[in-house]
Amino acid sequence: MVFDIEMIKKVYAAMPGKVEATRKLLGRPLTLSEKILYAHLYAPTTAAYERGKSYVEFAPDRVAMQDATAQMALLQFMTCGRDKVAVPSTVHCDHLIQAKTGADADLATAVDTNKEVYEFLSSISNKYGIGFWKPGAGIIHQVVLENYAFPGGLMIGTDSHTPNAGGLGMLAIGVGGADAVDVMAGLPWELKMPKLIGVKLTGKLSGWVSPKDVILKVAGILTVKGGTGCIVEYFGEGADNLSATGKGTICNMGAEIGATCSVFAYDTKISDYLKATERAEIAALADGIKDTLRPDAEVYADPSKYYDQVIEINLNELEPHVNGPFTPDLAWPISKFAQAVKENNWPEKLEVALIGSCTNSSYEDISRAASLAKQAVDKNLDVKAEYTITPGSELVRFTIERDGLLNTFDQIGGVVLANACGPCIGQWARHIDDPNRKNSIITSFNRNFAKRNDGLAATHAFVASPEIVTALAIAGDLTFNPLTDTLRNKDGKEVKLDEPTGFELPAKGFAVDDPGYQAPAADGSGVQVIVSPTSDRLQLLAPFAAWEGTDLKGLKLLIKAKGKCTTDHISMAGPWLKYRGHLDNISNNMLIGAVNAFNEKTDNVKNQLTGEYAGVPVVQRAYKAADIGSIVVGDENYGEGSSREHAAMEPRHLGVRAILVKSFARIHETNLKKQGMLGLTFANKEDYDKIQEDDTFDILGLTTFAPGKPLTVVANHKDGSKDEIVVNHTYNEQQIEWFKAGGALNVIRAQFAK
Ligand code: SF4
């Protein structure tokens, strides 16, 4: 048993009372999200919080970290003065394994290549009481779903797909490493009280349609920004009809609409999954307070009264979807997709089809995909595209191997990759003749930004359910609609694929030989954590300097970024993942994916000191060497995509003083604040157009920096003219303290030093 049953008992013992008190406080019935949030306040409140406005301090039950983000989080944690984490926490080694030839060889290479990092994570986990999941054990969110998620819980994770655990009725929120440090240090974790979107599901899935199609449809409705600042709560008979892992898929991809997290209410499907994963004790405890773990009945009766927005989807009418390319909210029902491919001139030939990942590698997903693979064999069909399978965990991999499903994939030439992120995060040594050739791939993953999977700008990546991905792999053609079209088999006969079939849970139960878990030492005081001073992978952190106490003057424009600027653009993954524990080295990727608005190029900006153009980090290092601060200007939803705080730490480390944008993605904005940066937004978005390439900036009003009070940015133009631009911010009192101290960690360290 790896989960902490005593902690869960404590949560459940207190929850009904806290929920009743909240009902009284708010004077009305409660949604599920409200029940969980108010039951996890850091300190009791006597006043209701305003959704979308109030900053609230919470006490999460757990922390989960993946290996890429854990490095920086734990490097920070080890400087904060505690000898043990304050809440149950885990580390998962999943992001650093590159997919090249297949599971065994790739895992062996990763263990060798990342030895130093794995040893650091293993030893620091051992020392500070953190559960450690070794490389090959599985992907963080699948492992959390199988072992730690529980209905009514609140957890944070240093990965943007942490909300996956919402499939088991938990509020699970993706954060930056600095937030994880707060919670592991026993400090409150702050979040703006989210708004609530209710998604009412009626009807029942059937045939080719899967839970993935629910979220692909929702992404089309809400777009990548539509969930920002919101929890998405699913309810209705259609929700209760979905498997627990299907619910997990939907919650996982809530990250693609910018949602804080998504959640389903406790039901028999969740109970069944808990029992199947050796957590019958939790199911029994949850049954004891099951009304507390669902919204109040009145909420179902009149949802628009309790949610800020309500969407209704009839699962009986839902079609399979394919979303993409380049963005997950470009949603196409399968009946319209072939036409879209032709009209947009997207490459029709499908080259690679990839199933699995943390989003879609449940037993149900894999068994349904395998039913199609089996049809390909039985119907004598060639499988035209390359096909890979990424199991989400060793528990899933071992079980699907035992049940013969991997053998079925083998018969169609499928390659089983390691239980790790691999191609989902750009850790993919793809074999392609010409990397500049326009080409199409399809995955059952969640994200499909340009270059996300293989680092190639010419790759058109689409996302769909594992069933649709498998059917299209067999056809090798994006315009194939398995619901209506036939395929010519090796005998020259036209054959049609039957609807996929599968099993929610394995009939013989789950099984695993070695799950890959290392429990921490009971007393870690004697455990040594070693970081070599000559390492190029790991670097101990030095505190950032405090604010100088004056307005900031003479800042140079580093880049005016145009269009989408995700955390991948700001701190690219792929080959850079290996420097996640070394701030100076990874800073050489800062903003190299952002498009310079003045020349439309990436990684090419003007050095105002020389007038020459060079890469963004090169120019910023020149400013830093000259002791000149700088400013980054950006477009809408700046920093969307992931929780990586490197995207905030790198500019901080290299001397950028402010990020001024039309709008921010929530997690990134918080990360900037944690690192002592200024995250500002144009009060008038058209002022973005006033920024010129040779501008020098002054930021005024900092000596009276206060919540809700705009600041002024003066853009001094080269011709001697200037624009005074009003800029807004969302800093509260505490966050202003972080800015003044030079970062949140400086404030924490000072508290423990007292
Ligand atoms: Fe890994 Fe992809 Fe899941 Fe992120 S979304 S945890 S990269 S598999």
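In the predicted model, I441 stands opposite A461 in strand β18, and this pair belongs to a parallel pairing in which strand β17, spanning residues 439-443, and β18 are joined over five bridges. Strand β18 itself covers residues 459-463 and is mostly covered, with five of its five residues buried. Side chains in a regular strand alternate between the two faces of the sheet. In β18, T459, A461 and V463 point one way while H460 and F462 point the other way, and all of these residues are buried.

A comparable description applies to strand β9, residues 230-235, which is largely enclosed by the rest of the structure because six of its six residues are buried. Both faces of β9 are covered, with C230, V232 and Y234 buried on one side and I231, E233 and F235 buried on the other. Strand β8, residues 195-202, runs parallel to β9 and is joined to it by six bridges, with K195 standing opposite C230 of β9. The two strands also take part, together with helix α8 (residues 211-222), in a right-handed β-α-β unit. β9 further runs parallel to strand β10, residues 261-264, through four bridges, and in that pairing the bridge partner of E233 is V263 of β10.

These strands are part of an open sheet of four strands, arranged in the order β10-β9-β8-β11 with parallel pairing. The edges of the sheet are formed by β10 and by β11 (309-314), each of which pairs on one side only. Neighbouring strands of this sheet are turned by 20° against each other on average, when direction is ignored. The pairing of β8 with β11 is parallel and comprises six bridges, and G198 stands opposite V310 in β11.

A second sheet is closed: seven strands form a barrel in the order β22-β25-β26-β27-β30-β29-β28, and the pairing is mixed. In this barrel the neighbouring strands are turned by 40° against each other on average, again with direction ignored. Strands of a sheet pair through backbone hydrogen bonds, in either the parallel or the antiparallel sense. Within the barrel, strand β27 (residues 678-682) and strand β30 (residues 722-728) run antiparallel and are joined by two bridges, and F682 stands opposite V727 in β30.

Among the helices, α22, which spans residues 646-654, is mostly covered, as nine of its nine residues are buried. The buried residues comprise H646, A647, A648, M649, E650, P651, R652, H653 and L654. The helix is followed by G655, whose phi is positive, near 100°.

The surroundings of the ligand were also examined. Of the 13 residues around the ligand, those that come nearest are S357, C358, C421, C424 and I425. By residue class, the shell around the ligand divides into seven nonpolar, four polar and two charged residues. This shell draws on two domains, with at least three residues contributed by each of domain 1 (5-314) and domain 2 (321-493).

Key:
Residues are numbered from 1 along each chain as its sequence is written. This is a predicted model: local features need pLDDT of at least 70, side-chain atom pairs count only at pLDDT 80 or more; totals for chains, interfaces and linings use all residues. A residue is buried if 20 or more other C-beta atoms lie within 10 Å of its own, exposed if 12 or fewer, and partly exposed in between; C-beta atoms are placed from the backbone. Two strands pair if DSSP finds at least two bridges between them. A residue is near a molecule or strand if its C-beta atom, placed from the backbone, lies within 6 Å of it. Ala, Val, Leu, Ile, Met, Phe, Trp, Tyr, Cys and Pro count as nonpolar, Asp, Glu, Lys and Arg as charged, and the others, Gly among them, as polar. Domain bounds come from an automatic or database domain assignment. A crossover is right-handed if, with the strands pointing away from the viewer, the path from the first strand over the helix to the second runs clockwise. Axes are lines fitted to C-alpha atoms, for helices over the stretch in contact, and angles run from 0 to 180 degrees between N-to-C directions.
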